[in-house]
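Colleague: I would like a close look at one part of this model. Please take the strand pairing as the starting point and work outwards from there.

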Amino acid sequence: MMSELKIQAMEYTTPATPTFRSEAMQQVFEVQGMTCGHCERAVTNAIQGVDAQAQVKIDRAANRVEVQSDAKREDLSAAIAEEGYKVA
């Protein structure tokens, strides 16, 4: 006996295309105290806690954190400081 195989058509929708954040401003911070990859992740997570869409680029040797975000500079700076790093 052959069992009947029933195939249902499934509707497939594509995910929404990410929006290009042209309105986001580039902000540069001098952050002292970052010594390792964990520090970089902590700073990145702190920034993305304020703005989940923020793009973060860190140059640990230069103590430089570049952030592409539309969040207020003061809010980003405060989030970094709350992780225990000095923001100049």
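Which residue is the bridge partner of Phe29 in β3?

Modeller: The model is predicted, so read what follows as a description of that prediction. The bridge partner of Phe29 in β3 is Val65. That pair belongs to two strands, β1 and β3, which run antiparallel and are joined by 6 bridges.

Now the other partner of β3. Strand β2, residues 55-59, pairs with β3 over 5 bridges, again in the antiparallel sense. One bridge there sets Gln55 against Gln68 of β3. β2 and β3 form a hairpin, with 4 residues between them. Asn63 sits in the turn and has a positive phi of about 55 degrees.

Back to Phe29. Arg73 lies over the face of the Phe29 ring, 4.2 Å from the ring centre. Aromatic pairs are another matter: a search of the whole structure finds 0 of them.

Next, Val65. This bridge partner of Phe29 is also among the residues with the most contacts inside the largest nonpolar core. The others named are Ile47 and Tyr85. The core has 14 residues. Four elements each supply at least two of its residues: β1 (25-32), α1 (37-50), β3 (64-69) and α2 (73-82). The largest share comes from α1, with 4 residues.

Ile47 is worth following in detail. Leaving out residues up to four places away in sequence, Ile47 touches Ala54, Val56, Val65, Val67, Leu76 and Ile80. So the Val65 that pairs with Phe29 is in contact with Ile47 as well.

Last, the cysteines. The count comes to 0 disulfides. Cys36 is in no disulfide; the nearest cysteine sulfur is that of Cys39, 3.5 Å away. A disulfide needs the two sulfur atoms within 2.5 Å, so at 3.5 Å this pair does not count as one. Cys39 is likewise in no disulfide, and the nearest cysteine sulfur to it is that of Cys36. Their surroundings can be stated too. Cys36 is partly exposed, with a relative accessible area of 28%. Cys39 counts as buried, at 7% relative accessibility.

To recap: Phe29 has Val65 as its bridge partner in β3, carries Arg73 over its ring face, and through Val65 the account leads on to the nonpolar core.

Technical notes. Residues numbered from 1 in each chain as written. Predicted model: local features only at pLDDT ≥ 70, side-chain atom pairs only at ≥ 80, totals over all residues. Heavy atoms only, no water. Core = buried A, V, L, I, M, F, W, Y, C linked by side-chain atoms within 4.5 Å. Buried < 20%, exposed > 50% of the residue type's maximum accessible area, 1.4 Å probe, protein only. Contact = heavy atoms within 4.5 Å. Phe/Tyr/Trp six-rings, centres within 6.5 Å; stacked < 30°, edge-to-face > 60°. Lys NZ or Arg CZ within 6 Å of the ring centre and 35° of its normal. Pairing = 2+ DSSP bridges.
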